[in-house]
Amino acid sequence: MQFNSFEFIVFLPIVVLLYNLCSERYRVYVLLIASFAFYAYLHPLYLCINLIICIMTYSCARWIAVCQSDKGQKRIMFGGIFLVLMPLASYKFFPFHHWILPVGLSFYTFMAISYIVDVYQGKIQAEKNPCKISLFLSFFPYVLSGPIERADHILPQMDYLRKSTPSDLTNGAKLMLWGYFMKLCVGDRLAIYTDAIFNNFEFHSGASLLFALVLVPIQCYADFGGYSFIATGVARCFGINIMNNFNRPLFSTSISDFWHRWHISLMKWFNDYIYTPIFFSLRNRNGYGFAIAILTTFIISGLWHGVSLTIVIWGMMNGVIMIFERHAFRNLYFSRQNLSWAKFLRILLTYSVVVFCMLFTRFSAMADVGFVVKTVFSNWGQLFIDADTMVYGLFSLVVLFAVDFFEEFLPGKIKLANSSKFIFRWGTYLFLIISIMLFGVLDGGSFIYFQF
Amino acid sequence: MDRRQIMDEISPIFKDVMHQKNIVLNEIVAPQDVDTWDSVTNLLFISELEKHFGIRFKLKETVKLNNIGDFVSLIQSKL
């Protein structure tokens, strides 16, 4: 079941209703059964893998809690990480013939690892109720594509699952509406154009390739950011707050700033469980420790996105740029200026670098990347025009850009969906609903991040 | 060594690593209060503290440090 499917539109109100009708002690079971049903609806096998990981995670954490010695706890932690990683590693690196990676597997595997490590490090207590761990790892708003939540944020909320308030429901619905707009009107609409270009890149001009490349980060942001807003909105309908996954990444002023705004939950996970342990073990190696830690983190991040040379290069480029930014870029004149022109230049430069890096994520062969770069510089030609897609997509893009712009530079100044005036509030809702109906791609396209 | 003595000794190390010559360090100072206190300078600070006091921290001990007071408590427990 996907967020943009008819089944989900029926499923969600039923679960919200059941959740609010039953007493507080049974709400965890309502959400758990709903989550299992939601996930099993995709494929019963997916639920089996999820259940196995839930059982392993719960058992390891409980074992760590009763183990007395630090050495023993450490062994259990590494054993637990190895076990919960097994399904993901077998799918990623040893793909079985005709088996497809279960949607969301890597997201809840990462959550399971973070829980086991956090229990070992004493950041949280091992939960005694296995149902709560199962719900933490399979909660349907985030099981398919994150955000990669943390136990210390979710489990305390599950200790007391209160009734949904009117504000929970309206705020949840607003977030979902905005998420659907981003996904259906911007992400899916732009995808029609970028797919048309990249699926036949050999036949397109440099102008078309460059235009499509410039659209790729916006398309990914609208797709995955839209998904994240929907996930946050769905969880909010049950009074549960889940973490923000995107923070207006199009206005990043450096690559390190970009990675603090883009897929925040994944980058925080990589920071806490890959980068920090590596850097910690190399802390006496001066600058080398940082360089090795950041490069390793981005290469692993690249391998998570896909096993290909171009993806590894993408990871290395990001790592190298971040090392460069730390040691050289911050001393440049315009990096230190807070003036609007300097900030504008930094945003433009960062976006250009992001566009170039993302080129490596669109192709799995270096020859194809080389062909695109060569075409952009040597065969400018005419821009491919797909009038409907470009008009609808760019209109929606302007709306998305304007909303992010005002939130970034004039926070709280313009209130539309949150206005106290009825006419502004409902005007915004109607505008978004009509836009989705007129400009949205409503044929149930998938979400980009489901493949990971 | 009491907390005040530890504070006096870590103060110059902190100012040097964080490039904050004028900061008045107290136990409630936390990463969000100091612009230059990020993941990199945090680990450099830890490394300098280990060298200065001749002690060794474990990762699981350092991930729970939220402010200077926590650093002082951890150092005190190891001296």
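Let me start with A:Phe405, which in this predicted model counts as partly exposed because its relative accessibility is 32%, between the cut-offs of 20% and 50%. A:Phe406 falls in that class as well, being partly exposed with a relative accessible area of 30%.

A search of the whole structure finds 58 aromatic pairs over all chains, and in one of them the rings of A:Phe405 and A:Phe406 have their centres 5.8 Å apart with planes at 85°, so this pair is edge-to-face.

Aromatic rings also meet charges here. A:Arg27 lies over the face of A:Tyr19, at 5.5 Å from the ring centre, while the charged end of A:Arg283 is placed over the ring of A:Phe280, 3.9 Å from its centre.

That second pair takes us to the interface, where 15 residues of chain A are in contact with 17 residues of chain B, and where A:Phe280 and A:Arg283, together with A:Gln121, supply 41% of the area that chain A buries against chain B, more than any other three residues. The area buried between the two chains is about 1600 Å², and carbon and sulfur atoms give 58% of that.

As for the polar side, there are four salt bridges between chain A and chain B, including one in which the side chains of A:Asp70 and B:Lys58 meet at 3.6 Å, N to O. Seven residue pairs are in polar contact across this interface.

Which helix of chain A gives the largest share of the side that touches chain B? Helix 4 (70–93), helix 5 (105–121) and helix 11 (264–281) each supply at least two residues, but the largest share, five residues, comes from helix 11.

Conventions. Residues numbered from 1 in each chain as written. Chains lettered and ligands numbered in written order. Predicted model: local features only at pLDDT ≥ 70, side-chain atom pairs only at ≥ 80, totals over all residues. Heavy atoms only, no water. Phe/Tyr/Trp six-rings, centres within 6.5 Å; stacked < 30°, edge-to-face > 60°. Buried < 20%, exposed > 50% of the residue type's maximum accessible area, 1.4 Å probe, protein only. Lys NZ or Arg CZ within 6 Å of the ring centre and 35° of its normal. Contact = heavy atoms within 4.5 Å. Buried area = accessible area lost by both parts, 1.4 Å probe. Polar contact = N/O pair within 3.5 Å; in protein donor to acceptor, adjacent residues only side chain to side chain. Helix = DSSP H or I, 4+ residues; strand = E, 2+ residues; numbered from the N terminus.
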